[in-house]
Each structure stands twice: as structure tokens, then as C-alpha cells.
Amino acid sequence: LSEESGHILDESTCESIVSSLERGYIFYCDYYYEEKPDVNFNIFQIASFSRFYDVLGRRGRSDQATFVAHHVLQMCRDIVNSRAWKELKQGQRFYANLNTVEVVCGLDALAEGIRVANAIG
């Protein structure tokens, strides 16, 4: 569903993919608000939802894109306000088996959130 995908996928296939993304988004939003998962959940949902935001914007669905963007930003706030990330900020490990990869994934999620925030102004 990138700009180049128009040359690879026909419109009905693109719409089917967007429809699947919408259903997944609704499912995971419900899970987020009902189950209140650990912030590690947010890291990977931000990666997914920020790309969904991009797709919606390219398809002219700006109202939906803005809604998704605000959800992405809420999940970013959860990360930076979490005990784990506050400890990391102070140079402390919050998991005994913390690896650099987890930190990089978290920082990437926050970078995506910043990108989305800049896009919506």
C-alpha cells in the first residue's frame, strides 16, 4: 500500500488490505483500552499503527488518519510515562535480561510517534 503498490496491486486488492487493517486496528484498540497491556505492547502497535496512519493519509481518509494518529500519540505517552522507561532514562535496567534490541525497538516506536505528531501538527 505504498505509493508504488498502485502499480502492483489493483484497487480492489488495496481496499481489501485497508479493510483488514481497519479491523485489526479496531481489535487492538479495544484490547488496549480494555486489557491495559504492558507498554511493550505499545511499542509494536505504534510501529503498525503509524504505518496505517500513512496509508489512510495517502488514501484521502484524513479524519480516520487523525484519529489513528491520536491513538499512536497516546501509546507513546504511556511509554514515556511508564516506570520502566523512567528508570531507563536514569541509566537503570528495568528488566534483568534487558537487551539493546528492546531499547532500540522502544526508541524506534517513539521516533515513529514523533514523526506522526509532526505530520498532524
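**Salt bridges between helix α1 and the α2–α3 loop**

At 21% relative accessibility, Glu-22 counts as partly exposed, because partly exposed covers the range between under 20% for buried and over 50% for exposed. In this predicted model, Glu-22 forms a salt bridge with Arg-61, and the closest N and O atoms of the two are 2.8 Å apart. The pair links distant parts of the chain, since Glu-22 belongs to helix α1 while Arg-61 sits in the loop between α2 and α3, 39 residues apart.

Arg-61 also meets the side chain of Glu-15 in a salt bridge, at 2.8 Å from N to O. Here too distant parts of the chain are linked, with Glu-15 in helix α1 and Arg-61 in the loop between α2 and α3, 46 residues apart. Glu-15 itself is partly exposed, at 30% relative accessibility.

The side chain of Glu-15 further meets that of Arg-59 in a salt bridge, 2.7 Å from N to O. Glu-15 lies in helix α1, which spans residues 11–35, and Arg-59 lies in the loop between α2 (39–58) and α3 (62–81), so this pair ties together parts that are 44 residues apart in sequence. Arg-59, with a relative accessible area of 25%, is likewise partly exposed.

Side chains of opposite charge can pair when their charged atoms come close. Taken together, Glu-11, Glu-15, Glu-22, Arg-59 and Arg-61 are linked in a network of salt bridges, and the structure as a whole holds 6 salt bridges.

Notes
Residues numbered from 1 in each chain as written. Predicted model: local features only at pLDDT ≥ 70, side-chain atom pairs only at ≥ 80, totals over all residues. Heavy atoms only, no water. Salt bridge = Lys/Arg side-chain N within 4 Å of Asp/Glu carboxyl O. Helix = DSSP H or I, 4+ residues; strand = E, 2+ residues; numbered from the N terminus. Buried < 20%, exposed > 50% of the residue type's maximum accessible area, 1.4 Å probe, protein only.
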